[in-house]
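Trainee: Could you take me through one part of this structure up close? I'd like to hear about a single residue and its surroundings, and then whatever else is worth a look.

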Amino acid sequence: MKKTIKINNKNFKVDIKENLLKFLTPTTPGTKYYDSPPERTINKFEKGRILLQTNQFLYLMNSIGYNLKNKSLLDVGAGNGIVPRLILNFTNLRKCDGTDPFYDGEHTTSWQKHDRDKLFLTLSKFLKDQKNEFDISKYLNSLTQQDFSMRPGKIKLIRNKKTKKMKFYTFGAADLKKLKKKYDIIYCKAIEHISNLTEIIKNINFVTKKGSIVYFKHRSFFSYLGPHRYSSTGIPWGHVLMSSAEYKKYVSKFHKDRKKKMLNFYFSEISYPRFTVNDIIKEFLNNGYQMVLKINENGRFNVEKAKKSKILLDNWKIIEKRYPSLGLEELMSGIYHIIFKKIT
Ligand SMILES: C[S@@+](CC[C@H](N)C(=O)[O-])C[C@H]1O[C@@H](n2cnc3c(N)ncnc32)[C@H](O)[C@@H]1O
């Protein structure tokens, strides 16, 4: 089979090994690169990811001078909820809730089925053994598969005497109104899976008040691995270069055996229609928020991505036509941290 595909009447070479597999973290032996992880205990690298996420959250809150004492937090798209649970139990936060419409193993991007309480106890013990201090040098060896570059500084933790319990709701972001509560902090590492940006902000507004902080940890659709391992292509930034019709043709030609799943993830499990980081900022400014901080954490594959970036420069006209508000910075991005504050 000829390994090329026409995009905008021009031939592009397709090479899944070189342009995709090289960029993915290894999967469980016996599974395909596009399979969700099977039921198994959480491994060292996944534990590292949780510790880094929690450490970065606390570090950035410190950096912007935000005191968590007596505050309430809602994690939207909380997954297994371990990050907010650690935040609740190792700070003087007053309360913390989490929402996610899917349980472990139910969404393509969910955590695999595992014992959440056991995982919480293991990570709590790790922090206790570190004398209740976050120090990245103590878990750096579990971050070798992480796409990150922002090393958070040390954070002193406060271990609560009694374990504080979180409340979990099986709501999606579209149903936040049902909570009938306002929170001081909204944390969300799931916005790339939620469609309709205008609705997202409208729903976040139901759970925020003047002074509330909204923190997104976000992998942009337009970044190199924006459609994740499940729907990325064998062409660098193929998902940005191709129109929807061209993407469907690509999937029919190169991934016929999993066409339905691949298209479903692309059009339903990641936000569609797409929105850029610029669109997110615009919507928040329009809704009475200020932007407090924006970091583009460009990590693990920065060099490889830079080497492949010629394809973007050579085809800028196609990209510009499809997504006028998109910039090179977002195409080259790793993970964003964006913090807003409600000011009206
Ligand atoms: C990449 S996972 C992140 C999970 C968790 N925040 C973490 O950091 O481990 C994305 C999460 O988004 C959730 N999700 C999918 N659609 C959603 C929606 N409409 N509203 C809220 N969460 C959603 C999935 O169930 C999944 O748990």
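**A close look at Gln112**

Mentor: Let's start with Gln112, which counts as buried because its relative accessible area is 3%, and the cut-off for buried is under 20%. Keep in mind that we're looking at a predicted model. So where does this residue sit? Gln112 belongs to the loop that runs between β4 (95-99) and α4 (116-129).

Now for its company. Leaving out residues up to four places away in sequence, Gln112 touches Pro37, Pro38, Glu39, Arg40, Thr41 and Ile42, and also Glu46, Asp104 and Gly105. Pick out Glu46 from that list: its side chain makes a polar contact with the side chain of Gln112, at 3.4 Å.

Next, the backbone. Here's a handy bit of background: most residues other than glycine have a negative phi, and most peptide bonds are trans. With that in mind, have a look at three spots.

The first stop is Asn70, which isn't a glycine but has a positive phi, near 65°. You'll find Asn70 in the loop between α2 (44-63) and β3 (72-76). Is Asn70 buried, exposed or partly exposed? Asn70 counts as partly exposed, because its relative accessibility is 48% and that class lies between 20% and 50%.

Then there's Lys180, again not a glycine, with a positive phi of about 50°. Lys180 lies in the loop between β7 (167-169) and β8 (185-188). This one is exposed, since its relative accessible area is 76% and exposed means over 50%.

The last backbone stop is the peptide bond joining Tyr272 and Pro273, which is cis, with omega at about -5°. Pro273 sits in the loop between α9 (259-269) and α10 (277-286).

Helix α9 turns up again in the second largest pocket, where it supplies the largest share of the lining, five residues. How much space lies in that pocket? About 260 Å³. Its lining is made up of Tyr34, Asp35, Ser36, Thr108, Tyr230, Arg258, Lys261, Met262, Asn264, Phe265 and Glu269. Sort those by class and you get four nonpolar, three polar and four charged residues. Try finding Tyr230 and Met262 in the view, both of them part of that lining.

To go back to where we began: Gln112 is buried, in a loop, with its side chain in polar contact with that of Glu46.

Notes
Residues numbered from 1 in each chain as written. Predicted model: local features only at pLDDT ≥ 70, side-chain atom pairs only at ≥ 80, totals over all residues. Heavy atoms only, no water. Helix = DSSP H or I, 4+ residues; strand = E, 2+ residues; numbered from the N terminus. Buried < 20%, exposed > 50% of the residue type's maximum accessible area, 1.4 Å probe, protein only. Polar contact = N/O pair within 3.5 Å; in protein donor to acceptor, adjacent residues only side chain to side chain. Contact = heavy atoms within 4.5 Å. 1 Å grid on protein atoms, 1.4 Å probe; cavity = no way out; pocket = protein on both sides within 12 Å on 5 of 7 lines; lining within 4 Å. Points joined across faces, edges and corners; volume = space filled by probe spheres on them. Nonpolar A, V, L, I, M, F, W, Y, C, P; charged D, E, K, R; others polar.
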